[in-house]
Amino acid sequence: MTPEQLVRDHTVYSCVMGSRAFGLATDASDTDRRGVYVAPTPLFWAFDKPPTHVEGPAEEQFSWELERFCELALRANPNILECLHSPLVEQVDDTGRELLALREAFLSRRAHATFTGYALSQRKKLEADVRQYGAPRWKHAMHLVRLMTSCRDLVRTGTLTIEVGPARDRLLAVKHGEVPWPEVESWMTRLSEESTKALPHSPLPEDPDHARVTDFLFRIRRASTHRPHPYDEVVQGVVSGGGVGQ
């Protein structure tokens, strides 16, 4: 089974991400698609394991195998957590709906460290651009402010919201270079300070709900073993002696 077949035939959840999901799209914006597929359990019994992620087959499309997706979500990976909260869902089946129902299980105070850690690394790159070229990459600056705002609000409320709402016009002004860099820097610093100040009082739990996510993954893997799959013919051939020692 090719990676493209896994995405085409076994996707359980797909959504649009990027500027369109954030409410920052313009006529020139791309459509970034992200998804989750469930590799049939029998594929894991072979020496060559199914891929943990697949790029394509469409342009601007990227998908993760369910286990890898859950692993990254439990680590509070910003891109993965935001994918679970996209307002633009394109495809979802029963397994995908279960995954979406687990959104809160993945959220914890760990998100503060991962979001702010990523933001700090990106801010250093922007500052390097300012020193070298006299200005940052404004589009990157806009998305960094958006991410830091999302982090602050998550820590404060326990809810991850990725749509920028009323902040759209000001963020687009950053993208167009209409906000002076010192003002953008001050904005970022304030957001970072507000996130850190809110952390001790956050409604988020200290850690994600590993047990709940593990139970979900076990059930999906077990259910997959009872579904007919083309790979079953290969497995049966090996078991019957047709492929061992011959």
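How do the axes of helix H3 (residues 66–74) and helix H11 (residues 210–225) cross, and within what distance do they come? The two axes come within 11 Å and cross at roughly 175°, which makes H3 roughly antiparallel to H11, a label given to angles over 145 degrees, whereas those under 35 degrees count as roughly parallel, 65 to 115 as roughly perpendicular and the rest as oblique. The contact, meaning heavy atoms within 4.5 Å, is made by Leu 66, Glu 67, Cys 70 and Leu 74 of H3 and by His 210, Val 213, Phe 216, Leu 217, Ile 220 and Arg 221 of H11.

This is a predicted model, in which local features need pLDDT of at least 70 and side-chain atom pairs count only at pLDDT 80 or more, while totals for chains, interfaces and linings use all residues. Residues are numbered from 1 along each chain as its sequence is written, and side-chain values use heavy atoms, with hydrogens and water left out. Helices (H or I, at least four residues) and strands (E, at least two) are DSSP runs numbered from the N terminus, and axes are lines fitted to C-alpha atoms, for helices over the stretch in contact, with angles from 0 to 180 degrees between N-to-C directions.

**The sheet**

An open sheet of 5 strands has the order S3-S4-S2-S1-S5, with mixed pairing. S3 and S5 stand at the edges, each with a single partner strand, so one side of each is left without a neighbour in the sheet. From one strand to the next, the twist averages 15°. Two strands pair if DSSP finds at least two bridges between them, and the pairings are set out below.

| Strands | Sense | Bridges | Opposed residues |
|---|---|---|---|
| S3 (residues 53–55) and S4 | antiparallel | 3 bridges | His 53 and Trp 64 |
| S2 (residues 32–37) and S4 | parallel | 5 bridges | Gly 35 and Ser 63 |
| S1 and S2 | antiparallel | 6 bridges | Tyr 13 and Val 36 |
| S1 and S5 (residues 89–92) | antiparallel | 3 bridges | Tyr 13 and Val 92 |

Tyr 13 of S1 thus has a bridge partner in S2, Val 36, and another in S5, Val 92. In the hairpin of S3 and S4, which has 5 residues between the strands, Gly 56 takes a positive phi near 95°.

Burial (under 20% relative accessible area, with exposed over 50% and partly exposed in between, for a 1.4 Å probe and protein chains only) applies to 7 of the 7 residues of strand S1 (residues 11–17), so S1 is largely enclosed by the rest of the structure. In strand S4 (residues 61–65), 4 of the 5 residues are buried, so S4 is likewise largely enclosed. Helix H1 (residues 3–10) lies across S1, S2, S3 and S4, running at about 90° to S1.

**Aromatic pairs and helix H10**

The structure holds 3 aromatic pairs, a pair being rings of Phe, Tyr and Trp (its six-membered ring) with centres within 6.5 Å, stacked when the planes are under 30 degrees apart, edge-to-face over 60 and tilted for the rest. The rings of Trp 138 and Trp 181 have centres 6.4 Å apart and planes at 70°, so this pair is edge-to-face. Trp 138 in helix H8 (residues 138–157) and Trp 181 in helix H10 (residues 181–198) are 43 residues apart, and their pair links distant parts of the chain. Phe 62, Trp 64 and Phe 69 form one aromatic cluster.

Trp 181 counts as buried at 11% relative accessibility. Ser 195, which also lies in helix H10, is buried with a relative accessible area of 2%. Not counting residues up to four places away in sequence, Ser 195 touches His 112, Met 148, Cys 151, Arg 152 and Val 155.
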